[in-house]
Each structure stands twice: as structure tokens, then as C-alpha cells.
Amino acid sequence: MSKGKRVGSVLVGLLTILLSLLLFLLPEIGMVVIIVVIAFTLTFYGLGLLTLYSALTRHMVGGKYILYLGMVVFSLGLLTFTMTGVRTLPVFIYLFAMFIFSGALDVMKAFEEKKNKAPFWIPRLLFGLLAISLGILSVICCFFLKSQEGLTVLFAIALLYNGFTRIIKAFRKTSVVYIQ
């Protein structure tokens, strides 16, 4: 990772931590902030995929997959912008899918790292199990407690974890030797 990317990663991590602290302090505005964050993330990720398709992957094998994925993600981002009311079920579905999917991926990566005898597989396993437990807690908050503040706190915990992870990865020594 270059120095510029490291600085950018640290800044994004700090902004993510500040946003999570804002959500902890003001959970009543949490749903609006969560919807805006998810909408911006999906929209810009979809635009990035569409730009990638138009610049590079249209000439590659499997390039149409990037096009279709970009169109779907961009459409989901625009759809999420329309949910700025008090509707919690679509936001819950996003959060549940995000927590469960990322947790399952972390657990699978941890077992793969263990098989390859990587030294730091246990923290990845613990963070994957934490994400899965946050997904289960989001089900409890949505259906049993019917609490928007609970979903806001869970999202803030996920943002806090994401921010610290970005900062830690920015300071991690790269194993790739760059040609000067």
C-alpha cells in the first residue's frame, strides 16, 4: 500500500469512528444517518462498478457480470435514498445481510488462514463471530424489541469496528516488495 493510500485509509477510518460516536451520542437521528450512509455507499459502489465496466472489464471474460452487478447495486442505492421515512424493515434487511454475510466471510477466511498456517487467524475468527452475533442481535432489535435506537447502536458498533480495522490495516507492514 502506498503512503497516499495509507493516509487516505487512516482518514476514512477516523471519519468512520467519528460517525459512529455521533450515532452513539444521538441515536434518535440514527435511522436517517444509517439510510444516508447505506444509500451513498451503494450508489458510489455501483457507479464505481459501472465505470470499471466501461473502462476495462467490457473486454474481459466475465465483464458482463460486473455490468449487471453495477446496475443492481446502483439501483439499490437510489432506492435506498427514497426510504428516508420511519420505515425500519428495509434498513433491518440491509443490516442483517451485511452482518451475517461479512461475518460468514470472516469465519471462512479465518479457517482458510488456519489451514495455511497464518499467524493471525484467531482475531479474524473472533471478529467474524462478533459480526454474526450482531446480525442475530439485529433480528432481536427489529422483531422482538422493535427498537430503532437498538439498530442504531448496532450500526454504530459496526462502524466503530470498521474504522479501527481500516486504521490497523493502514499501519500493517505490506508483504509485497515495491520496485523503486
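The following exchange concerns the burial and exposure of nonpolar residues in a predicted model.

Trainee: How are residues numbered, and which confidence limits apply to this predicted model?

Mentor: Numbering runs from 1 along each chain as its sequence is written, and side-chain values use heavy atoms, with hydrogens and water left out. Local features need pLDDT of at least 70 and side-chain atom pairs count only at pLDDT 80 or more, whereas totals for chains, interfaces and linings use all residues.

Trainee: Why is Ile34 called buried?

Mentor: Buried means under 20% relative accessible area, exposed over 50%, and partly exposed in between, with a 1.4 Å probe and protein chains only as cover. Ile34, which is found in helix 2, has a relative accessible area of 0%, and is therefore buried.

Trainee: What does Ile34 contact, leaving aside its neighbours within four places in sequence?

Mentor: Taking contact as heavy atoms within 4.5 Å, Ile34 is in contact with Val91, Leu151, Thr152 and Phe155. The C-alpha atoms of Ile34 and Phe155 are separated by 7.5 Å, although the two residues lie 121 residues apart along the chain.

Trainee: Why does Leu145 count as exposed?

Mentor: Leu145, placed in the loop between helix 5 and helix 6 (148-171), has 57% relative accessibility and so counts as exposed.

Trainee: Which helices each supply at least two residues of the nonpolar patch?

Mentor: Helix 4 (89-115) and helix 5 (121-144) do so, helices being DSSP runs of H or I with at least four residues, numbered from the N terminus. The largest share of the patch, five residues, comes from helix 5.
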